[in-house]
Structure formats: C-alpha cells, structure tokens
Amino acid sequence: MIGLVYKSTGSWYTVKTADGTFLECRIKGKFRMKGIKSTNPIAVGDVVGYELEDTTDVTTGTINAIHDRKNYIVRKSVNLSKQTHIIASNIDLVFLLITINNPPTTTSFIDRFLVTAEAYGIEAVLVFNKIDTFDDAMMDEQLYLQHVYQEIGYTCLRISSTEKKGLDTLKTMMLGKASMFSGHSGVGKSTLVNALEPSLHLKTKTISEQSKQGQHTTTFAEMYDLSFDAKIIDTPGIKGFGIVDMEPSEISGYFPEFFKLQDQCKFNNCLHKEEPNCAIKNALEKDEIAWSRYNSYLKILEGDDEHYRQDTYNDDRVASDESRK
C-alpha cells in the first residue's frame, strides 16, 4: 500500500492513504538514503510504502519503503554539522518569507536558501511579509531588496497576512501544487497559512520586543490540504541555513547572475576572487551584480557555516549599501 507523509515527529509519521484517511506509522530498522547522511530518514512530502499493523485498540502502520523523490530541500543539522536534515521533499514551489525588521532577515540567509533551492531544483519565490508594519526606511529597504532579486529573475511578492494584501496572487501561484513556506521564526508563516485557510487555526506567537526574534510555534513540519486545490507544508522557523555538500567550483553556478557571465572569465576554473579578467568582478564594479550577493558568495565559498549565524543584520545592510553606490 502507498501513502503520502503529511507529518513527521521523528518517531511517528502521519500518512495519508489512498482512500483519504490518515494513519499513524512508524519505521522499523534503518533506511539507507543513497549516500545521504540525514538525521531524518523520512520527510514530509515523501511517498512511502506501508503495511497495516493491528493492535488491540487501534490500527497503526509500518513504513517499509520510500519511493524515489523528485527533489528535496536540506540544511545542515543543528547539532550534527556533518549531517543533513531534510526539511521536505517532492516540492513544487517554495516560498521564503522575509521580514525587514520584525524579525530581521539577512541577505546572507536569503542567498543561502536560494542557493540550496537552485542546487536541488526547486523553484523559489520571495515573499516580503508584514508590509503593513513598514515605516519609510523599512519600505525603502524592502523595495531595494525586491529590485535586487527581481533583476536576477526571482519572483517577489509583497504580503500583509493581517490585512490580507497580496493573498490572491499567492493563491493563484499555489493552485494544484505542493508548496512549502520557510523562513525565520516570527516571519509569519503560520499566520499566513491561517489567512489562506482560516479553518486550520494554527498557533501563532508575537515577536519578542527585546530580541526582535520570533518564537517557535511550529514544532514539526506538517502538510495541509487547502480548500482551493493546493497543499502547503508549514515548517519550523530556521535560525541558520548551512550549505551542504557543494564543491567550491560549483557554487557560482547556483547564483543565476554569476552563471550567465562565468563563461566570459579568463580561466575556466575561476573562483571570482583574485583571478585576473574575471567577468563576475568586472560586473560587480559596474554595479551589474549586487555587493550583498557577492558577499554571500564569498562566505559560502569560504565555508563560513560555523559563524554565519552570528552575522549581524548591519553587516548585510553595509553590503547592500555598497551595491547602491
């Protein structure tokens, strides 16, 4: 029998069966993931094979197979830096929710997420949320960031969940697809899901005024069927996003604006750092590439995963300001 994983708590998995009912399942033994060292062998979005397991009072299931994934998105495990955590699989579209200062979302975080989406073949859309809370300076910052990423080719949306602005466009993009919402804690993922589907009543929390950081309300990734022919995967807030298993020579290929130019570099193996006649650096000096993006590229290239979570928002803004000069 075949089903679709809707929720994973690490030990039990909620599986939607072919007849539309939900079954609690567990796994026996260890699944080998084709060389992927993952802390979670099964993720939300996985198509799995299972068998029923009858007990005295309730029927549960045992997962015995995982079908091939068309894609998945991963990050470094929080506690085990050499292992990965699969956030979700079989995703048609991922929406990265971004807030300017409530809490702040850094450009290095945005770029690390986009690089991972590019590497795993998942279309990403940037959603600038809480636009109803912007003052003039925040609006200027948001519009600038939107300009940077639209120039690269990314779709950007401006949303207010509380005032229901931009929701119709978002719904249209989600039709017939399995989408994922991701971003820091406090950017409004659960609030946005509630705005799209009020009957779900997902728990939400306010931002800490002292730290300007969100508080975790979603503990486990979970998929929901929406009334307008769409599926959404709501995920726990992510503090940092470590890049997984990328060779230095391939990283620039996941920056679309770099990829368009890198064949014009003098050297085929150019890393766009100190090499002469580098098309990427030439474009950077002409303001054809944003300094914030180049700064993110260098951090990823240097493998600065252990310290990037301590990067301040001001560091990224300095990079952004440099690109405006």
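This section describes the salt bridges and the nonpolar cores of the structure.

The model is predicted. In it, a total of nine salt bridges was identified. Side chains of opposite charge can pair when their charged atoms come close. One such pair is formed by Glu222 and Lys7, with an N to O distance of 3.9 Å. This pair joins distant parts of the chain, since Glu222 belongs to strand β12 (residues 222-226) and Lys7 to strand β1 (residues 2-8), with the two positions 215 residues apart in sequence numbering. Glu222 has a relative accessible area of 21% and is therefore partly exposed. Lys7, at 25% relative accessibility, also falls into the partly exposed class.

Strand β12 also contains Asp225, which is paired with Lys16 of strand β2 (residues 13-16) across a separation of 209 residues. The closest N and O atoms of Asp225 and Lys16 lie 2.7 Å apart. Asp225 is partly exposed at 33% relative accessibility, and Lys16 is likewise partly exposed, with a relative accessible area of 22%. These two residues do not stand alone: Lys16, Asp225 and Lys231 are linked in a network of salt bridges.

A further salt bridge connects the side chains of Glu53 and Arg26, with an N to O distance of 2.8 Å. Here the partners are 27 residues apart, Glu53 being located in strand β4 (residues 47-54) and Arg26 in strand β3 (residues 22-27). The relative accessible area of Glu53 is 14%; because this value is under 20%, Glu53 is classed as buried. Arg26, by contrast, is partly exposed at 33%.

Attention now turns to the nonpolar residues. In soluble globular proteins, nonpolar side chains tend to be buried together. The largest nonpolar core of the model comprises 34 residues, within which Ile73, Leu96, Ile110, Leu114, Leu126, Tyr149 and Met180 touch the most other members. At least two residues of this core are supplied by each of β7 (84-89), β8 (93-98), α1 (107-119), β9 (124-128) and α2 (136-152). The greatest contribution comes from α2, which provides six residues.

The surroundings of Leu126 were examined individually. With residues up to four places away in sequence excluded, Leu126 is in contact with Leu96, Ile98, Ile110, Leu114, Tyr149, Thr155, Cys156 and Leu157. Another core, of 23 residues, lies apart from the largest one and includes Phe95, Leu157, Phe181 and Leu226.

Key:
Residues numbered from 1 in each chain as written. Predicted model: local features only at pLDDT ≥ 70, side-chain atom pairs only at ≥ 80, totals over all residues. Heavy atoms only, no water. Salt bridge = Lys/Arg side-chain N within 4 Å of Asp/Glu carboxyl O. Helix = DSSP H or I, 4+ residues; strand = E, 2+ residues; numbered from the N terminus. Buried < 20%, exposed > 50% of the residue type's maximum accessible area, 1.4 Å probe, protein only. Core = buried A, V, L, I, M, F, W, Y, C linked by side-chain atoms within 4.5 Å. Contact = heavy atoms within 4.5 Å.
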